[in-house]
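The following paragraphs lead the reader through one chain, from its surface to its interior and its overall form. Please keep the sequence and the model in view while reading.

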Amino acid sequence: MKLLIILVFIAVLASLGSGLFFLVNDRGESKRMVNALTLRVALSVMLFVLLLGSWLSGWIQIHS
């Protein structure tokens with residue numbers, strides 16, 4: 001489960017990076033930046049739900 005969480009987090013960062021790349025290079029000529037940032041938001045929500053579900057089911061624990 002921890003590996004899946006790490007992979008989704010890396011995918012969020014990659015999507016954010018691609019959004020920045022398209023922002024700099026496309027100059028508003030295509031919708032690739034919007035698509036990359038939409039994907040980032042969807043992945044972030046999925047990551048949050050995955051973390052919450054894993055914590056509630058006891059697969060991961062919060063250390064204080």
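A nonpolar patch, as the term is used here, is made of residues with over 30% relative accessible area and no salt bridge, whose nonpolar side chains are joined within 5 Å. The model to which this definition is applied is a predicted one. On its surface, such a patch is formed by V41, V45, F48, V49, L52, W55, L56 and I62. Together these residues have about 840 Å² of accessible area. One member of the patch, I62, lies in the segment after helix 2. With a relative accessibility of 64%, I62 counts as exposed, because the cut-off for that class is over 50%.

The surface of the chain may also be considered as a whole. Its accessible area comes to about 5100 Å², and carbon and sulfur atoms account for 72% of this.

Turning to the interior, buried residues make up 20% of the 64 residues in the chain. Which residues form the largest nonpolar core? That core has five residues, namely I5, V8, L47, L50 and I60. Helix 1, covering residues 2-26, and helix 2, covering residues 32-57, are the elements that give two or more residues to this core. Within the core, L50 offers a useful point of inspection. Leaving aside residues up to four places away in sequence, L50 touches M1, L4, I5 and V8; of these, I5 and V8 are themselves listed in the core.

A polar interaction can be examined next. The structure holds one salt bridge, in which R32 pairs with D26. The closest N and O atoms of the two residues are 2.7 Å apart. Are the two partners buried or exposed? D26 counts as buried because its relative accessibility is 11%, which falls under the 20% limit. R32, by contrast, has a relative accessibility of 41% and therefore counts as partly exposed.

Finally, the overall form of the chain can be described. Its secondary structure comes to two helices and zero strands. The radius of gyration is 15 Å, well over the 11 Å that the globule rule gives for 64 residues, so the chain is more spread out than a compact globule. Along its principal axes, the C-alpha trace spans about 45 × 20 × 15 Å. Among the contacts with a separation of 6 or more, 61% are between residues 24 or more positions apart.

Conventions:
Residues numbered from 1 in each chain as written. Predicted model: local features only at pLDDT ≥ 70, side-chain atom pairs only at ≥ 80, totals over all residues. Heavy atoms only, no water. Salt bridge = Lys/Arg side-chain N within 4 Å of Asp/Glu carboxyl O. Buried < 20%, exposed > 50% of the residue type's maximum accessible area, 1.4 Å probe, protein only. Core = buried A, V, L, I, M, F, W, Y, C linked by side-chain atoms within 4.5 Å. Helix = DSSP H or I, 4+ residues; strand = E, 2+ residues; numbered from the N terminus. Contact = heavy atoms within 4.5 Å. Patch = residues over 30% accessible without salt bridge, like charges linked within 9 Å, V, L, I, M, F, W, Y side chains within 5 Å. Areas by Shrake-Rupley, 256 points an atom, 1.4 Å probe, with all protein chains shown as cover. Rg over C-alpha atoms; globule rule 2.2 N^0.38 Å.
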